[in-house]
Amino acid sequence: MTRALALCAAAAFIAALPVPPAAGQSKPPAVERDATTEEFEKFRAVLEADNPAELFEVKGEELWKTPRGPKNASLAACDLGLGPGVVKGAYVQLPRYFADTGKVMDAERRIVHCMVTLQGFDAAALAKQPFSTETRTPDPVALTTFVAGQSRGMKIAPPQSLPQERAAFALGREIFFYRAGSYDFSCASCHGEDGKRIRTQQLPNLTRPEQAIRGYQGWPGYRMTGGVMHTLQWRLNDCFRQQRFPEPEYLSDSLTALLTYLAVNAKGQVYKGPGIKR
Amino acid sequence: MAEPMKIRAKLEGDVLDVRVLMAHPMETGQRKDGAGNLVPLHFIQTITAQLNGKPVFQADTSQAISRNPVFGFRLKGAKAGDKLSITWTDNKGDKRTDEIVVGAA
Amino acid sequence: MNRLALLLVAALAPWTIAPPAGADDPRTEAAATLKRDLKPRGITTLDLLVEDGVQAVCNRTDDKPPKELAQRLEQDQLAGIRWPADGKLVGDWKSGERIAQNGRGMTWSDPAGTPGGGSCYNCHRIGPEETSFGSIGPSLLQFGKLRGYGPDMQRYVYGKIYNAKAYNLCSLMPRFGHVGALTEQQIKDLVALLLDPASPVNK
Amino acid sequence: MTELSRRTALKRTGALAATAIAAGWLRPGAALAEWNKGAFESKTVADALKHLKIATPADTKDIVIRAPDIAENGAVVPIEIQSNIPGTKSMVVLLEKNPFPYAANFDFAQGAALPFVALRVKMGETSNVRVVVTTADGKFFTAAKEVKVTIGGCGG
């Protein structure tokens, strides 16, 4: 009862407040350095130079070009936003709005859409076990890795010209800052400040371009734990788990919105993925 | 069926810097699967590299090598056009050989 | 009432009160989209997405609530702390160290009814031996040695772990006791980790 | 077919291996013996060295081990080893605190391969990475580098 009363008081009080400014707009402070982080970074170059993710790019390319599925078709006609069959440079210009589905779609979502419409795969079956295990790499994971690799060295440039694309960004930002659940966590609880760590793991401040790119190009990435390939869809899924939230549906609007927010924040940065992660 | 390796070789003078990525689970025999059962040992035991058919580098390995192994080594006296082949064999008798032709420096 | 006030009231039961007609507020939309896209799994349910009062206020003020409001709500949170009936606040620091190391609990992959850990090292430096510690929260090294071991400090530490929002409304720290993530005994053990003079934290 | 040629043949033909031996690329000896089961199944460094027939190696600064002071992930610890000892014929890598310390042996064909190797290993806990070099004239040298293995992420 006291809680409800206090809340009403709060409501009246807040009513008089101006709308707070969007977070992440202030000047960046110097990023705190520590010995552990520096040591990790010395060996990052070694790990990145020979990244087992390349094995999955090769596999994904083969899957892309091979006629498969009930319709025995390849993905040559798949439109990732730059026209049917254009893979080069498509990844850095996603997520984007697709008129044929009436939805903003991220890379993996679009690839699965192509697998369903062009090759005749069953969407529900693909969604059943979408993430890699030690013994199994789902096709969309390898395909997304291949598609991502075809944008290596290009600048992140997700379009924001259409209202649907701007709405996805706005929605993603809201979800990013939405605190709820048993631990009162939002995405920003871990990824809204500069120079923070969980244990020894550096947390990129995803509201800033130069750090958002670290998160965005890390996945698809080869995860050293387990030695498996994971995509951004998996990364967000496991973030929601750690956030003590219920599980997001694979390829859902919430995830596309978050990925749009992330991609737009990383805009202009050079994509160097697929990554290799702890 | 073993998946292809990815072999990269860069010539600097007559030294060939070789990097190879291999797709292999490198199971330690200690890991449990989803059902709680131990996954049996499964790992690469030997790797050999041949330059134009001559064995030049050889490795004996244990399950302590990371999953999807990455190795680097350097060959001397190599030149563009040389054939480099690498073969691995695992404890189950599976093997895989891949070959590349060394490009010009 | 303006938009914020409306939202705040709506936050009490966001899915039982229909949003105002024509409202395209992104926060309301965010809550509705999450409700549609997220599915219960394991011990996680959709009610977790319903903001409570503290979350609603912090969400709407970018974690910077006005002082008077924050104080009012902090008092409310403080009043909800259940103090140990036996009056003892300090348990076993060795057990506390294990709880501080343990990062499990309250996720969809955690079992129901099994107490998890405090995830303390994820964010804090605590014992001098553990070099893998996070930096989201302040260092707690030498906590008791620097701040004292007395009853007031014991009460503060117990209360802070039980409900961090009673002391700083929009703190990033979870409300471990309030949400049942840690038991009374576990919190006592964590108090000991910080406030037992014999704990390595204070060496 | 000898053990040696069987092993080097693998997917190649026996004839090729025979050529290789004739050309002097491979020399029969301990380093080229069959995959050393006894050494690989040894639970201590001392036992592994015994199986490898390596007698008390001398400490040296001429083996350069490049590995992280703290590993980002114990499942993938990158190591580079360079031997500056003339006549380096083979390198043994031991992860001292792993359940089975002997991780790998590398043989370098004299004159055809430089005594350098890059590898990635699994380390269960903080431990020395020890390298033992065997030279063509049968001498043993050793160096070690400690790698700390810590808990990395959320731990959940």
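In this predicted model, the buried residues of helix H10 of chain A pack against four elements of chain A: helix H4 (107-117), strand E6 (228-230), strand E7 (247-248) and helix H11. Helix H10 covers residues 232-242 of chain A, and 8 of its 11 residues are buried, so the helix is largely enclosed by the rest of the structure. The buried residues begin with a run from Leu232(A) through Gln233(A), Trp234(A) and Arg235(A) to Leu236(A), and they continue with Phe240(A), Arg241(A) and Gln242(A). Just after H10(A), the residue Arg244(A) takes a positive phi of about 65°.

**Backbone features in chains A and B**

Chain A contains two peptide bonds in the cis form that involve proline. One runs from Leu94(A) to Pro95(A), with omega near -5°. Pro95(A) is placed in the loop between helix H3 (53-65) and strand E1 (96-98) of chain A. The other joins Gly273(A) and Pro274(A), and its omega is about -10°. Pro274(A) is found in the loop between helix H11 (253-265) and strand E8 (275-277) of chain A. Helix H11 of chain A is also one of the elements against which the buried residues of H10(A) pack.

Positive phi values also occur in loops. Asn72(A) is a residue other than glycine, and its phi is near 45°. Asn72(A) sits in the loop between H3 and E1 of chain A, the loop that also holds Pro95(A). In chain B, Met26(B) is not a glycine either, yet it has a positive phi of about 50°. Its place is the loop between strand E2 (15-21) and strand E3 (44-51) of chain B.

Are these two residues buried or exposed? Asn72(A) has 10 C-beta neighbours inside 10 Å and therefore counts as exposed. Met26(B) has 22 other C-beta atoms within 10 Å and is therefore buried.

**Chains C and D in outline**

The table sets out the composition of these two chains.

| Chain | Helices and strands | Buried residues |
|---|---|---|
| Chain C | 9 helices and 1 strand | 49% of 203 residues |
| Chain D | 4 helices and 9 strands | 44% of 156 residues |

The order of the elements completes this outline. Along the sequence, chain C follows the pattern α-α-β-α-α-α-α-α-α-α. From its N terminus, chain D runs α-α-α-α-β-β-β-β-β-β-β-β-β.

Contacts within each chain can also be described by the separation of the residues in sequence. In chain C, among contacts with a separation of 6 or more, 57% are between residues 24 or more positions apart. In chain D, 63% of the contacts between residues at least 6 apart in sequence join residues at least 24 apart.

Chains C and D also touch each other: 7 residues of chain C and 6 residues of chain D take part in the contact. On the side of chain C that touches chain D, 6 residues are polar, 1 is charged and none is nonpolar.

**Two domains in chain C**

The domain assignment divides chain C into domain 1 (3-79) and domain 2 (93-202). Their contact takes 14 residues from domain 1 and 11 residues from domain 2. On the domain 1 side, the elements that give two or more residues are helix H3 (53-60) and helix H4 (67-79) of chain C. H4(C) gives the most, with 5 residues. By class, the domain 1 side has 8 nonpolar, 3 polar and 3 charged residues.

**A helix pair in chain C**

Two packed helices are described by the angle between their axes and the distance between the axes. Helix H8 (residues 151-162) and helix H9 (residues 184-195) of chain C have axes that come within 9 Å and cross at roughly 130°. H8(C) and H9(C) are therefore oblique to each other. Their crossing is right-handed.

Which residues of H8(C) and H9(C) meet? From H8(C) come Met153(C), Gln154(C), Val157(C), Tyr158(C), Ile161(C) and Tyr162(C), and they meet Ile187(C), Leu190(C), Val191(C), Leu194(C) and Leu195(C) in H9(C). The residues of this contact divide into 10 nonpolar and 1 polar, with no charged residue. An α-helix has 3.6 residues a turn, so residues three or four places apart point the same way.

Notes: Residues are numbered from 1 along each chain as its sequence is written. Chains are lettered from A and ligands numbered from 1 in the order in which they are written. This is a predicted model: local features need pLDDT of at least 70, side-chain atom pairs count only at pLDDT 80 or more; totals for chains, interfaces and linings use all residues. Two residues are in contact if their C-beta atoms, placed from the backbone, lie within 7 Å. Ala, Val, Leu, Ile, Met, Phe, Trp, Tyr, Cys and Pro count as nonpolar, Asp, Glu, Lys and Arg as charged, and the others, Gly among them, as polar. Axes are lines fitted to C-alpha atoms, for helices over the stretch in contact, and angles run from 0 to 180 degrees between N-to-C directions. Angles under 35 degrees count as roughly parallel, over 145 as roughly antiparallel, 65 to 115 as roughly perpendicular and the rest as oblique. A crossing is left-handed if the near helix is turned anticlockwise from the far one by less than a right angle, and right-handed if clockwise. Domain bounds come from an automatic or database domain assignment. A residue is buried if 20 or more other C-beta atoms lie within 10 Å of its own, exposed if 12 or fewer, and partly exposed in between; C-beta atoms are placed from the backbone.
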